[in-house]
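Biologist: Hello! I am new to reading protein structures. Could you show me one and let me ask about it?

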Amino acid sequence: MRFAAEMLLEPTVIDKFGKQVQIRYTRIRYELEIRLVVEEDGFVMPYVEREFATSLLNPGSPLLETHQVPDDAQLFALRDEDTNTFVDFLPADAAEGTVLSTIGSAGDFPSLFATRKEIESWRFLQLDPVALRKPSTPDQRGEQLESTGANLARVLRRIERATKREFGSGLDDIAVDLVNVVRGVSRVDVTENAAGQWEVHLTTRDGRISARVASDGTLRVLALLAAIHDPQYRGLLCFEEPENGIFPQRLRVLVQALKESITEVLPGEPRAQLLLSSHSPLMLFELDPVDIVVMDLVTRVRPEEPGASQVSRARVLAESGELETVSPYERQALPGISRDEAQRLLED
């Protein structure tokens with residue numbers, strides 16, 4: 001399996017020892033290749049076959065690469081950013097983990113450490129309506145929203161306290177976006193119950209209700225907005241099918257609210273990126289063409305491999321023209337597709 005990710009790093013990074021370092025290379029491409037090996041006992045083990053990292057602005061001097069040495073062995077080589085020479089070599093023949101995972105401080109290889117921190121910050125939300133309805137306890141661990149949303153009340157409470165101002169707080173901003181998407185809701189509150197737990201309550205046209213009886217779609221939208229509006233955690237957020245549980249007429253409003261939340265980042269604030277997967281053709285018209293990648297299944301046949309396999313093919317909208325937001329690597333890998341053809345794929 002081969003993976004590649006291109007990322008824009010924050011200009012400074014702080015490690016767990018409190019050391020703060022300026023990042024020289026903030027535009028990074030990281031590649032990872034994993035192979036499966038059947039051991040003598042019959043178990044299958046994954047090993048790192050190849051690891052690579054480079055600055056996209058200086059691709060001729062990789063920060064990390066895999067070297068083949070004369071005796072058919074492999075080594076991971078790490079480059080010093082000050083001297084531009086390889087200063088550390090690790091055996092790569094039976095690597096059960098990545099080199100990136102071993103870099104624990106910002107001192108020696110700051111750009112690689114920042115790359116590791118960036119990947120660790122990626123969040124994947126798989127919101128569970130049952131978990132979203134549960135109250136939060138003061139001793140509940142985790143400050144940022146859990147993947148299931150189980151600590152939603154705690155996160156909303158923290159946002160409200162951290163952003164409190166003379167006329168409201170960040171919780172009110174979340175409520176405004178929620179009101180625009182979900183009809184009938186006018187307010188969001190977090191209160192403490194008799195057991196000392198925090199609960200989410202919604203004010204609707206029919207009165208005040210607990211999150212315990214709110215709809216799945218309403219809670220999913222509320223949790224997504226909480227993650228997006230959280231001033232303490234930004235970075236990359238991955239979310240599947242935002243259209244689930246939303247009236248089709250209100251999906252357009254939700255997409256607009258998400259776009260505004262992502263793009264209106266104040267100077268000095270951490271950057272935010274939202275990666276959505278959707279089956280809704282509406283996305284083709286609500287997002288800029290340069291922000292859309294269309295995925296479909298195709299059958300691939302290779303002469304060196306027996307049989308055929310189904311793989312996902314990624315294509316960009318042809319109307320987007322030259323893609324300035326990605327590197328030459330991606331421009332070569334992503335063919336174009338027309339908007340009409342993409343819409344037919346989604347509607348079939």
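Biologist: Thanks! Which residue's side chain makes a polar contact with the side chain of Glu65?

Modeller: Good place to begin, and please keep in mind that this is a predicted model. Glu65 sits in strand S6, which covers residues 64–68. Its side chain makes a polar contact at 2.8 Å, and the partner is the side chain of His67.

Biologist: Is Glu65 buried or exposed?

Modeller: Let's look at its surroundings, leaving out residues up to four places away in sequence: Glu65 touches Glu51, Phe52, Leu75, Phe76, Ala77 and Phe86. Buried means under 20% relative accessible area. Glu65 has a relative accessible area of 18%, so Glu65 is buried.

Biologist: What distance separates the C-alpha atoms of Glu65 and Ala131?

Modeller: Along the chain, these two residues are 66 residues apart. In space, their C-alpha atoms are separated by 42 Å.

Biologist: Now for charges. How many salt bridges does the structure hold?

Modeller: A little background helps here: side chains of opposite charge can pair when their charged atoms come close. One of the pairs is Glu31 with Arg50, whose side chains meet at 2.8 Å, N to O. Over the structure, the number of salt bridges is 18.

Biologist: Which strands does the pair of Glu31 and Arg50 tie together?

Modeller: The side chains of Glu31 and Arg50 meet in a salt bridge. The two residues are 19 apart in sequence, and Glu31 lies in residues 27–38, so the pair ties together strands S4 and S5.

Biologist: Which residue of that pair is buried?

Modeller: The cut-off for buried is under 20% relative accessible area. Arg50 has 31%, so Arg50 counts as partly exposed. With a relative accessible area of 12%, the buried one is Glu31.

Biologist: Which residues are linked with Glu31 and Arg50 in a network of salt bridges?

Modeller: We have already met the salt bridge between Glu31 and Arg50. The network that holds this pair also includes Glu6 and Arg29.

Biologist: Which residue meets Glu49 in a salt bridge?

Modeller: Glu49 is partly exposed, with a relative accessible area of 23%. The side chain of Glu49 meets its partner at 2.3 Å, N to O, and that partner is Arg35. The pair links distant parts of the chain, with Glu49 in strand S5 and, 14 residues apart, in strand S4, Arg35.

Biologist: Which helix holds Arg158, the partner of Glu143?

Modeller: The side chains of Arg158 and Glu143 meet in a salt bridge of 3.2 Å, N to O. Glu143 lies in the loop between helix H2 and H3, 15 residues apart from Arg158 in sequence, and Arg158 lies in residues 152–162, which is helix H3.

Biologist: How far apart are the end C-alpha atoms of helix H1?

Modeller: Helix H1 has twelve residues, 110–121. At 1.5 Å a residue, H1 should span 16 Å. The model agrees, as the end C-alpha atoms are apart by 16 Å.

Biologist: One more! Which residues form a nonpolar patch on the surface with Val44?

Modeller: Val44 is found in strand S5, residues 44–55. Val44 has a relative accessible area of 47%, so Val44 is partly exposed. The patch has about 310 Å² of accessible area together, and the partners of Val44 in this patch are Leu36 and Val38.

Definitions and conventions
Residues numbered from 1 in each chain as written. Predicted model: local features only at pLDDT ≥ 70, side-chain atom pairs only at ≥ 80, totals over all residues. Heavy atoms only, no water. Patch = residues over 30% accessible without salt bridge, like charges linked within 9 Å, V, L, I, M, F, W, Y side chains within 5 Å. Areas by Shrake-Rupley, 256 points an atom, 1.4 Å probe, with all protein chains shown as cover. Salt bridge = Lys/Arg side-chain N within 4 Å of Asp/Glu carboxyl O. Helix = DSSP H or I, 4+ residues; strand = E, 2+ residues; numbered from the N terminus. Buried < 20%, exposed > 50% of the residue type's maximum accessible area, 1.4 Å probe, protein only. Expected span 1.5 Å × (residues − 1). Contact = heavy atoms within 4.5 Å. Polar contact = N/O pair within 3.5 Å; in protein donor to acceptor, adjacent residues only side chain to side chain.
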